[in-house]
Each structure stands twice: as C-alpha cells, then as structure tokens.
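Visitor: I would like to go through this model and ask what stands behind the terms used for it. Please show it first.
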Amino acid sequence: MTNSSPLNPGNAEFLETLYQSYLDNPENVDPAWRSYFAELGSGDAPAAGNGASVVGIQARSALAEKQVKVLEFISANRYRGHREANLDPLGLYGRPQMPELHLEHYGFSDEDLDRRFNTASLHMESEATLREIRDMLKKTYCATIGTELTHITATHEKRWIQERLERVHGQFNFSVEKKRDILRWTTAARKLEDYLHRRYVGQKRFSLEGGEALIPMLDEVIQKAGEHHVKEIVIGMAHRGRLNVLVNILGKHPKLLFGEFEGKIDVGQGSGDVKYHLGFSSDVQSPGGPVHLVLAFNPSHLEIINPVVEGSVRARQERRGDHARREVLPILVHGDAAFAGQGVVTETLNLSETRGYGTGGTVHMVINNQIGFTTSDPRDSRSTLYCTDVAKLVQAPIFHVNGNDAEAVIFVSQLAFDYRMEFKKDVVIDLVCFRRYGHNESDEPFATQPMMYKKIKDQHGPRRIYAAQLVAEGVMKAGEPDEMAEAYLNALEGDSTMSRPLLQESGVDYLADWTPYLDKNWRAPADTAIPVETVEALGLKLTEVPAHFALHRSVKRIIDARREMARGERPMDWGFAENLAYAALLKDGYSIRLSGQDSQRGTFFHRHSVIHNQKEAGTHTPLQHIEKDQPRFTVINSLLSEEAVLGFEFGYSTADPECLVIWEAQFGDFVNGAQVVIDQFLSSSESKWGRFCGLAMMLPHGYDGQGPEHSSARLERFLQLCAEDNMQVCMPSTPAQMFHLLRRQMLRPYRKPLIIMSPKSLLRNRLSTSSREDLANEGFQVTIDEIDPVVPKEVTRLVLCSGKVYYDILEKRREHELRHVAIARVEQLYPFPEEEIVALLKRYPKANDVCWAQEEPRNQGSWFHMLSRRHLAGCVQQRHKLVYAGRTYSASPAAGYLNIHLAEQRALVDTALGLDAVEAARQKSA
Ligand SMILES: Cc1ncc(C[n+]2csc(CCOP(=O)(O)OP(=O)(O)O)c2C)c(N)n1
C-alpha cells in the first residue's frame, strides 16, 4: 500500500465517512467505490477494471481489507446496536440476534482480538485493539441505551451524537452529589405513588410506577434548561404519572392533591375536570435562575395536547422576541400506544420545522410501559418496530433507554436536551419500562396479561435497583436510601413543597397578563369605527408596492380597485375590508396571526395579503408596512392539516390575549377534521379549566351548488356546542360587518372564541358591498333590519335569515315587488341577540308570519337552535306563527347535482317569501 492510497490507515476517517455514506445509500458514492464496497460486502475479490485505478485499490492489502471490515463492524454497531441493546426491564420479547453486530460475521477470529486497528473515526484512542473497539461499541450501543440514527441524513448531527455517546461509552461518571440527587428524585417518584396507593385504596390515579424514571428525567431537563437560560417550559402530558409530575416537578401542594382525592375541591366557576387533567404553573429555581413551568390542562383525548403546547410555546417565544427559540422549551410526554396510534402525533411532528409553526425543537419523552389499556402485543398496537418510529418522519434522533437504569436515563436526558439546543430540532427519548398496576388502580391486569404481569410482580423498579447500586458503590451507607425515603414521606405528610424550591414571586418576564380581558359581557362596548380619513390613509398604505415590483395582472387589478375603494370611488369589497380591519388593529397595537391552507392569497383569490413579484423571486406583505415599530403581522400558508393546526392556533391564542389569532378553513366543510379541538378545547376549556381564548375561525360557508363537501361548515354543530356564553357564532353579510366583527374581537375586554361563517360567492356579490362611511359610523350590528323602504305597518311577513341566502331572498322580493314582506338579518347567532330580535318583531306589528329562512337542510343549519326557547322561539309572541323555509331533512349536507341544488334554492326562496303558497292557491283555483 502506498501512502497516497485511500486505504492508508491515515485516511480511515475519510474511508469510514465514505463507507457510511455508501451504507446509507450506495448511490451516494462514486461508482468505483460502490463496486469496491459491494465486493467487500460479498467477500468476493474485486473484479479487474472496476475503476481501481481511480482510487488506488490495487494497493489493497489484507490489513487494509480488515480495516474496512472493522469500519463495517463499527458502523453496524453504531446504527443497529439498539436491536441487541438491553432495553426492556421485563425482557418480554427477547433480544434478537443480529449477526452483523458480531465480529465473527466479518471473518474475525479470537486471534484478531489483540490486533491493533486505526480508530480515527471512533471517539477513542487513535489506535486500539479489536477487543477494545468491540467492548467500547457494546457498552455504547448495545447496553441500556439504544440509539437510532440511521434515518438522519445530516452527517454532522450523527457525528455530534456519536461523539457524545462514544466519549462516555456507558461510563457516566456522575459525581457523588449527582448520584444522590438522581436517587432523591427517583425516590420522590416512587414514594408518592406508594403513599397514594396506601392512603387512597383503589382510587384512580394512573400510577407512574414502573416508569418512575420519568421524574428524574424531567427534573434533569428542566434544571439543564435553567442552566442554559431557558425561561419558560411548557409541558404537555396525558394521565399517566400526571399527579406525580404536579407534586414532584411543579410543586403543587400535597394537601391540594389529597383534597382532590377526598373530593374537597374548590369548584370556583364552571363545571371543572377530573384531577388527572388539571394544569398548573409555577416558578422553580434552577442554577441559571428562575424557570416558569407550565403543565397544560389536558383532555382525555390522547395526544391532542401536542399541537396546543406547541402553539403556546410559539406565542411565548414571539412575545419575548426569542428568535433563536432558546428561551421557551416544549416538552411532550407520551404513552407508547398513543404515540404510535394517534394521527395528531404525526401532524404535530410535521409542524415542527415549518416556518409558521416551528418552536426550535421539542423534547419528546415516551413512557413506554409496553401496554395501552389491555393491548400489549406489538402485532396489534402498531405496524412499526418501535412505538417511536413515527418520529423518524422528521429525522429526530431516538434514544431508547431501559427505565430501570437511572443513570442511563439521566445521561440520555442530558444528551437529548443538548441536541435540541444545538440543532433546534425534535428529539425523542423512549423510556422503556412497565406498568405496575392495571390501566388504572382498580383495573385487574392479570386477566389479560398474565405472562407480562408475572414478570412485573418480580420487578422492584428503578429506585430499589439504584439505591442498591449506590450502596454497593459506597456512595451511600446501608440504610441511607431508606432514610431518604422516610424524609420524603414525612415532608409529604407535612405538606411541604416536594419539587425544587418554588419562587413565590415570578422572576420571569413577558408572561401574558389576562386581567384586562376577563369581562364576561359580550355586549361590552367596543369602538370599532375608524374615521373616513383613516380608512383612506390605511387603505392607500395597503396598495403601496415597492418600486420595480412586477404585479400579476389580476392582482394589479385588485390593488388598483383597492386604491379606488380607499378613496371612496368604488364600493368596498370583502377583501379590502378584511385587510383594512387588520391594518387598523395593527395601528391600535394588536398583533395578528392568520393561518390556514392558502391564507396568504385566500382560497377565493380575494385576500392577497402577500403579493408575489412576477419578475424575480420576492414577496411583499403590505400589512407588515403599516407604520414603524408596528406589532407583528403574520399570515401563514399552513400545511394541509386541520387538527394539529387548529390545536396549535388554540394554544397560541391562550398564551397571547393581545394577538388576534385566526384560523381559516379552506372550505368550512373541512373543519370537522379538527373536531376534537373544537369539542375538547374551544367550546369547553373555560368551563372545565377556566382557560380563556380569543381565537377566531373563518369557515367559508354557503350553498353555491358546489356539492356535499364544499357547502357547509356544519353551523348546527357549533350551535349545539353553545351554552353559558362559551363562544360566539356569527355570519356577517357585508364587508363592513366583517370589519367591525374582527375589530370587536380585540377591542372588547372580552376573550371568547369567535366562529365566523365566512363568505364565498358573497365575496363577489355586487349587492354585498360597503362604503367608507359604514366603517366610520356604527359598529358590528348583531341584527340588520330591512334596508328597503317597506312600510312596517304593511308588513305581514317577517323573514329572518343569515348570510348569503339573504341576498337571494332580497333579489326575488325586489323582483316581485312584494311590499308585505320585510327581510332582516341575524348576524350573530350566538350569544343570541334576544333584545334586538324582540325589538325587530315589535317594529312589524302586523307581521304575524315569522319565517326562519336558511339554505341548510332542516336537520342542519340554525333551525333547531331557533326553535329553542332561549332563542327565536322564546322571542315570538302568541300572535306569531313561526315558519320554516329551507331544504328538507337530509343525510348529506348538500346536493351534488347542480340542477337539484338550483331547484332547492329556488323553492326555499319562494317558501321564505310565501310565493309557494301563492302558487299553490293559483294552481288550486285554476
Ligand atoms: C383519543 C383517545 N382514544 C382512546 C382513549 C382511551 N384510553 C385512555 S388511556 C388508553 C391507553 C393509552 O395507552 P398508552 O398511550 O400506552 O399510555 P399508558 O396508559 O399505557 O400510559 C386508552 C386507549 C383516549 N383517552 N383517547
């Protein structure tokens, strides 16, 4: 071998990188190397003329070949060592034998063990014996930590992780103080469960036993985060171990928890929630200063908290201007079955590196107790090897760790946290453990898992194992671990703080102050109007385009038209009014975040809040240039998800009351993909948890003949969820109404979700326009009375309706010149504007026929809502006859055939105006 040969041992690092690249994908390397590596793998001699001249392969010696085999052995252990690692405390499924992880597979014999090889690519002495290389690899990759990196394409990330692992090679060398600390937190985790088990026999608590290592793991990440000047941590987790986290990590007073077990809960307002869903926040001390900890309130629906936590974190980062995403950290704790099974996990992972939703990486911790309720066989619970495989989608490193090895758990926690801070990406810790009891404490696990539970019976858990280890190492005297446990229990009974020291006064800046927004009265006044001069000035601002910016022809037409609207030379359309509402809110000091699929342009080519240069790459967002130092305006084209994106926006809005957060469905029909977020958070979070949120949703709704899935935002579902003024459901019918509605949402000292049935065809309806004066006078009108000069006393029929159908009825009434019919609009369906409706009914003393007209089928839309005595049915008097005009009962929201749609639409308009009765009478007399 010549010195210039690539097979020279001095080039081993180069070779190894090349070889790794080849193993990742043979296409990555030059064809000459590809065939060379392929032949090495097959054990055949390289064929002549395979490009060897290029790489000097002829010089290959037996030693060089062995060196390459060593590299292959190293690589196999680095990337597949986890398959043989000792991860499962129960040893349920045995450890597969992987030949490529053993030297024999590469033709090495015992004689080779003392031969020295170059180890430049390993983080150890530059030369070592094969025995040393093997032992180091086994301790690093096949012991109680299993590392999965093969799916990561960034070589520098893999190397960074490998270096951290190999430098330590399973010898963690924690100080005596650190070891005692690890035992302290493992003891806290275990002893709390023991105590609750004894004191509250058979009560549900979703014990953490078997997975106690979660507590030292969380503590480690939190303390390290504090050291790195992380200021806030938002934790999302389900039922398992939640009470333990509340007491031992967040410092909830034991007495409060015990009170909850004993049913002594201060209900306060609302209907409350079970104890293992409750959230909490506190400020704990860390070596780097105070850290604000938040445990998010959580519904039973597994994993749905994930996007909510991410949204909350993003809002907090933006509030404090944390562009590097180093000051606020999300931690998500999962169950193994839920992580593998729930689609929202994938959706949330998919948010993690997008521009609009990234939070700089989440630390995921999976409490992998190898069972979900009664389903434990992996053949039933997933189609993947590990429950964590889904995280490979974002190339997150995955560290599997044996939950009985407390030190390995701590090491992996440090590594995962450091990775997140270094690369700003998601990382996963899979805590392989077991579940001491049944799904909850009154559930009998032996009935369905006899084999697993026989093994669990013999398990003592990580605390006892680690205590024995520390005594054996001489770190503690015999009896000392018991004293530690005793001290914990005494403090627990004495209602001491069981977590790290809590700070009474928060030392953390930038926390949102909700006190100005707690008004419960939806009628709280809001001056949403702006002077005509401001309409003009802001409107013109919106039409400014940078010099040399080439606009698309159609966009230019829209911008030109907006200029005329600003000057009052043309009626105002919806696109203009909506953008103007944002501009005016920005001027008032509120930031804005609008997201949804295609929200920048707008699905219906109407918004154009971001415009594109047609000549060279570049965009312009007029709303980011309203004035100097204005608040943030963010408009995002979201990924194609409803559930995670809406969850994220909910989370965002709960963390920033000064930001108008809007989620827009592409068509309202798709909102039901996010139904869990609507049911579990939007409609009920205030009642369950006292959590407020001012999120607005725009759901394009209206019957335009576009078929069953492009017509209905399922208004009826939202109305069914309405009670106790929990949210607002509105259907504005003019641009000015939209303007005032959006402004009202921020200007009132009131934060409740706002559901807007937003326009589609109305966007271009020549009847649905507004003037500058409409923005300058008045505000949002919850009802709009007749606009034509009908004489109230002559009116015998009052039609009430909302949204687009109003214009259909209006046009036909005008066409038929019906003087006895008045048409009024109900723009706010909930909270129901009872006073205004009663006043309307009074204005038409002879209008005994009160018709509720809607486009939706009778079993959908708002008809049933109107029939409730709390709504229209409660406002009418004896003289009134309440009649229905709309589509008949239907299983599907809308007809697919256009001719059916048109016939239905014609018929319902006729019914609303009473023309059907006239026609029937005419036919009868004929
Ligand atoms: C979306 C949803 N589906 C079903 C349930 C009912 N459920 C509650 S816990 C559980 C098992 C969860 O298993 P795993 O994620 O492994 O967590 P573990 O309870 O084992 O800690 C199930 C199915 C639920 N809460 N949420």
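Visitor: Which residues does T388 touch, not counting residues up to four places away in sequence?

Guide: The model is a predicted one. In it, T388 touches E148, F339, V366, I398, H400, V428 and D430, with residues up to four places away in sequence left out. T388 sits in the loop between α14 (378-381) and β9 (398-402).

Visitor: Why is T388 called buried?

Guide: Buried means under 20% relative accessible area. The relative accessible area of T388 is 0%, so T388 is buried.

Visitor: What makes α8 and α15 oblique to each other?

Guide: Two packed helices are described by the angle between their axes and the distance between the axes. Here the axes of α8 (residues 214-227) and α15 come within 9 Å and cross at roughly 40°. Angles under 35 degrees count as roughly parallel, and 65 to 115 as roughly perpendicular. The crossing at roughly 40° falls in neither range, and α8 and α15 are therefore oblique. Their crossing is right-handed.

Visitor: Which residues meet where α8 and α15 pack?

Guide: From α8 come P216, M217, E220, V221, K224 and A225; from α15 come V409, I410, S413, Q414, F417 and D418.

Visitor: Which helix gives the most to the largest nonpolar core?

Guide: The largest nonpolar core has 102 residues. Helix α15 (residues 406-423) gives the most to this core, with twelve residues. Among the residues with the most contacts inside the core are L214, M365 and F411. L214 touches L208, M237, V245, V333, M365, I367 and L431, not counting residues up to four places away in sequence. A second, separate core of 73 residues includes A296, L829, V850 and L872.

Visitor: How do you know that β17 pairs with β22?

Guide: Pairing requires at least two bridges between the strands. Two bridges join β17 (residues 728-730) to β22, so by that cut-off the strands pair. They run antiparallel, and V729 stands opposite Y830 in β22.

Visitor: What makes β14 and β22 edge strands?

Guide: β14 (633-637) and β22 (828-830) each pair on one side only. They belong to an open sheet of seven strands in the order β14-β11-β15-β16-β18-β17-β22, with mixed pairing. Neighbouring strands in this sheet are turned by 20° against each other on average, direction ignored.

Visitor: Which strands does helix α26 lie across, and at what angle does α26 run to β18?

Guide: Helix α26 (residues 735-747) lies across β15, β16, β17, β18 (754-758) and β22. Angles over 145 degrees count as roughly antiparallel; α26 runs at about 170° to β18, so the two are roughly antiparallel.

Key: Residues are numbered from 1 along each chain as its sequence is written. This is a predicted model: local features need pLDDT of at least 70, side-chain atom pairs count only at pLDDT 80 or more; totals for chains, interfaces and linings use all residues. Side-chain values use heavy atoms; hydrogens and water are left out. Helices (H or I, at least four residues) and strands (E, at least two) are DSSP runs, numbered from the N terminus. Axes are lines fitted to C-alpha atoms, for helices over the stretch in contact, and angles run from 0 to 180 degrees between N-to-C directions. Contact means heavy atoms within 4.5 Å. A nonpolar core is a set of buried Ala, Val, Leu, Ile, Met, Phe, Trp, Tyr and Cys residues joined through side-chain atoms within 4.5 Å. Buried means under 20% relative accessible area, exposed over 50%, partly exposed in between (1.4 Å probe, protein chains only). A crossing is left-handed if the near helix is turned anticlockwise from the far one by less than a right angle, and right-handed if clockwise.
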